[in-house]
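Work through the following exercises with the sequence and the model side by side, trying each task before reading its solution.

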Amino acid sequence: MSFEWPWQYNFPPFFTLQPNVDTRQKQLAAWCSLALSYCRHHKLYTLDIMEVQECPVFNHKNIDRKLSTEAILIVFEELRKKGNLEWLDKNKTQCLVMWRRPEEWGKLIYQWVSRSAVVNSCNTFPPEFHGLEEWMLIRSLQALQTDGKAEVITMDDGKGVKFF
Amino acid sequence: MDRFTWSNGLLEMNETLVIQQRGVKLYDGEDKECCIAIPLSQIIYFEEQAAGIGKSAKIVVHLHASPANKEPGPYQQSKFSYFKLSFKEHGQIEFFRRLTEELSQKRWESTPMSQPIPTATNSQTGRTRAVGIVGIERKIEERRKETEKISQSKLMVKAKEMVELSRSIANKIKDKQGDITEDETIRFKSYLLSMGIANPVTRETHGSGTHYHLQLAKQLGDILLAPLELLSPEDLVNACKMFESLKQPLRLRIFDSGVMVVQLQSHSEEEMISSALDNVTDKGSLTAEEFAKLLGLSVLLSKERLLLAEKMGHLCRDDSVEGLRFYPNLFNSQA
């Protein structure tokens with residue numbers, strides 16, 4: 001399924017950081033939503049700032065508009081505040097994108113686990129978990145742990161999870 | 001006797017007072033009837049200046065500009081358009097009363113040749129009575145001459161003086177420094193008169209203080225409504241700031257950028273913004289230059305309107321190498 005661009009993507013002002021505060025809020029919300037859905041669609045988990053500038057999301061060649069680096073960083077800061085992004089370095093060149101936050105993953109996992117009524121056994125993950133990188137999985141489980149719904153156990157041959 | 005010059009009455013450096021004598025009459029040669037005169041028709045307006053401590057009562061008379069065909073007089077030029085009669089002893093009240101009478105009757109306007117044909121009177125001012133055709137024609141001719149005489153340069157000079165005066169007055173109001181002097185007030189009113197304000201306020205009629213100043217500013221507003229494009233907003237800004245508390249159809253508007261304009265109140269914000277939005281929506285998007293061309297306004301003013309509409313959330317901007325362009329704010333209006 002091809003990615004569906006939102007109407008803002010073809011609206012030139014979308015690529016100019018709006019000075020009006022209220023307008024900017026709406027604009028940034030739309031950017032966050034677009035960035036996350038794009039990453040979800042393409043199963044992207046890590047982004048490099050330099051590469052991302054040339055990515056179609058931020059560089060719309062058809063209308064000859066691109067989002068400035070400054071604006072991209074502002075969008076990313078919004079994502080970080082919402083818990084959808086984490087910087088991997090102090091210089092902010094690379095980041096993790098959690099288009100599904102650990103808590104949300106945790107919920108999904110728990111639901112699946114509950115449905116399957118499986119504890120401590122090997123199972124294949126359903127499609128929605130495909131591509132889920134390990135770091136993401138671990139965070140999700142940690143989130144569940146915080147919530148009291150799971151426990152990560154260290155065993156001789158690795159880690160295991162106990163679900164409650 | 002055309003050798004006389006005006007003097008301020010003070011002694012020059014190289015002069016000493018020899019003798020002073022009252023009650024001496026001046027003859028021009030053998031001509032005993034030597035006096036200076038001014039026709040009543042030259043008077044626009046006059047007012048009393050009450051006596052004070054150490055000050056005698058005065059009548060201040062404001063005049064039209066000299067007609068071109070004026071006979072030579074004691075002084076060919078003056079920087080003032082009014083004169084004062086200072087009543088050292090008494091007589092001011094009666095003089096004032098008679099002057100009022102004469103100026104309301106305007107007997108000089110009717111001539112022996114007048115036709116008994118009734119003509120329309122201007123009942124609002126009560127000025128013109130039923131005069132003959134000749135009288136009317138003469139009056140029209142006079143007016144036309146007056147208008148022609150006020151040349152561009154004269155207006156400029158007057159405007160500049162008035163502006164400086166306004167600024168000085170405005171500063172005094174701002175700094176609450178003492179009183180505006182009588183002299184300044186009279187000069188100011190003189191300008192107002194020459195600009196066409198027939199009955200300037202006086203301290204006497206409106207009291208002193210804020211109310212008086214407000215009224216002065218009000219009349220400034222009246223001036224600006226006349227087609228006087230010689231005054232730039234920057235020059236008048238201090239005086240214009242007096243508009244703020246008035247219910248005058250004028251506003252001094254200061255945009256965020258610092259640009260100041262004097263505009264009619266009828267240019268209400270809502271109207272401007274909604275019309276800007278209509279224009280932009282109609283064309284899809286507009287730059288300040290395109291908008292200026294559309295409205296026949298300066299680019300500066302057009303940009304300010306667009307920025308204002310943006311500030312109010314009706315427009316948003318597209319800023320690229322192609323320039324700054326404004327769009328309807330679809331972020332707001334669309335889901």
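**Exercise 1.** Find which residues A:Phe14 is in contact with, leaving aside its neighbours within four places in sequence, and decide whether A:Phe14 is buried or exposed.

*Solution.* Begin by locating the residue in this predicted model: A:Phe14 belongs to the segment that comes before H1 of chain A. Next, list the partners, which in chain A are A:Gln8, A:Tyr9, A:Gln27, A:Ala30, A:Trp31, A:Leu34 and A:Leu67, while chain B contributes B:Phe331. Then turn to accessibility: the relative value for A:Phe14 is 0%, and A:Phe14 therefore counts as buried. Finally, consider a pair separated along the chain, since A:Phe14 and A:Leu28 stand 14 residues apart in sequence and have their C-alpha atoms 9.1 Å apart in space.

**Exercise 2.** Take A:Ala30, one of the partners just listed, and work out where A:Ala30 is found and which residues A:Ala30 touches, not counting residues up to four places away in sequence.

*Solution.* The residue sits in helix H1 of chain A. With residues up to four places away in sequence set aside, A:Ala30 touches A:Gln8 and A:Phe14. Its relative accessibility is 12%, and because buried means under 20%, A:Ala30 is counted as buried. As a last step, compare sequence with space: A:Ala30 and A:Tyr9 are 21 residues apart along the chain, and 9.4 Å separates their C-alpha atoms.

**Exercise 3.** Describe how helix H1 and helix H3 of chain A pack, giving the angle and the distance between their axes, and name the residues that meet.

*Solution.* First fix the two helices, H1 covering residues 21–41 and H3 covering residues 69–81 of chain A, whose axes are 9 Å apart and make an angle of about 80 degrees. Since angles of 65 to 115 degrees count as roughly perpendicular, that is the term for H1(A) and H3(A). On the H1(A) side the contact is formed by A:Leu28, A:Trp31, A:Cys32, A:Ala35 and A:Leu36, and these meet A:Ile74, A:Val75, A:Glu78 and A:Leu79 in H3(A). Sorted by class, the contact of H1(A) with H3(A) has eight nonpolar residues, no polar ones and one charged residue.

**Exercise 4.** Determine how many disulfides the structure holds over all chains, and explain why A:Cys95 has no such bond.

*Solution.* The count over all chains is zero. For A:Cys95, the closest cysteine sulfur is that of A:Cys39, and at 8.0 Å this is too far for a bond, because a disulfide needs the two sulfur atoms within 2.5 Å. A:Cys95 is buried, at 1% relative accessibility. A:Cys32, which appears in the contact of H1(A) with H3(A), is likewise buried, with a relative accessible area of 1%.

**Exercise 5.** Examine helix H8 of chain B and state how its axis crosses that of helix H10 and that of helix H9.

*Solution.* Start with H8 (residues 269–283) and H10 (residues 299–311) of chain B, whose axes come within 9 Å and cross at roughly 95 degrees. H8(B) is therefore roughly perpendicular to H10(B). The residues that meet are B:Glu269, B:Met272, B:Ile273, B:Ala276 and B:Val280 in H8(B), with B:Arg305, B:Leu306, B:Leu308 and B:Ala309 in H10(B). By class, the contact of H8(B) with H10(B) divides into seven nonpolar, no polar and two charged residues.

Continue with H9 (residues 288–295) of chain B: its axis and that of H8(B) come within 11 Å and cross at roughly 110 degrees, and H8(B) and H9(B) are therefore also roughly perpendicular to each other. Here B:Ala276, B:Asn279 and B:Lys283 in H8(B) meet B:Phe291, B:Leu294 and B:Leu295 in H9(B). The contact of H8(B) with H9(B) is made of four nonpolar residues, one polar residue and one charged residue.

**Exercise 6.** Establish in which strand B:Lys58 is found, and which backbone oxygen its side chain reaches.

*Solution.* The strand is E2 of chain B, which covers residues 57–63. From there the side chain of B:Lys58 reaches the backbone oxygen of B:Ser56, at 3.2 Å. The relative accessible area of B:Lys58 is 18%, and the residue is buried, because the limit is under 20%. Beyond its neighbours within four places in sequence, B:Lys58 is in contact with several residues, including B:Glu47, B:Glu48, B:Lys84 and B:Gln92.

Note on methods
Residues numbered from 1 in each chain as written. Chains lettered and ligands numbered in written order. Predicted model: local features only at pLDDT ≥ 70, side-chain atom pairs only at ≥ 80, totals over all residues. Heavy atoms only, no water. Helix = DSSP H or I, 4+ residues; strand = E, 2+ residues; numbered from the N terminus. Buried < 20%, exposed > 50% of the residue type's maximum accessible area, 1.4 Å probe, protein only. Polar contact = N/O pair within 3.5 Å; in protein donor to acceptor, adjacent residues only side chain to side chain. Contact = heavy atoms within 4.5 Å. Axes fitted to C-alpha atoms, helices over the stretch in contact; angles between N-to-C directions. Parallel < 35°, antiparallel > 145°, perpendicular 65-115°, else oblique. Nonpolar A, V, L, I, M, F, W, Y, C, P; charged D, E, K, R; others polar.
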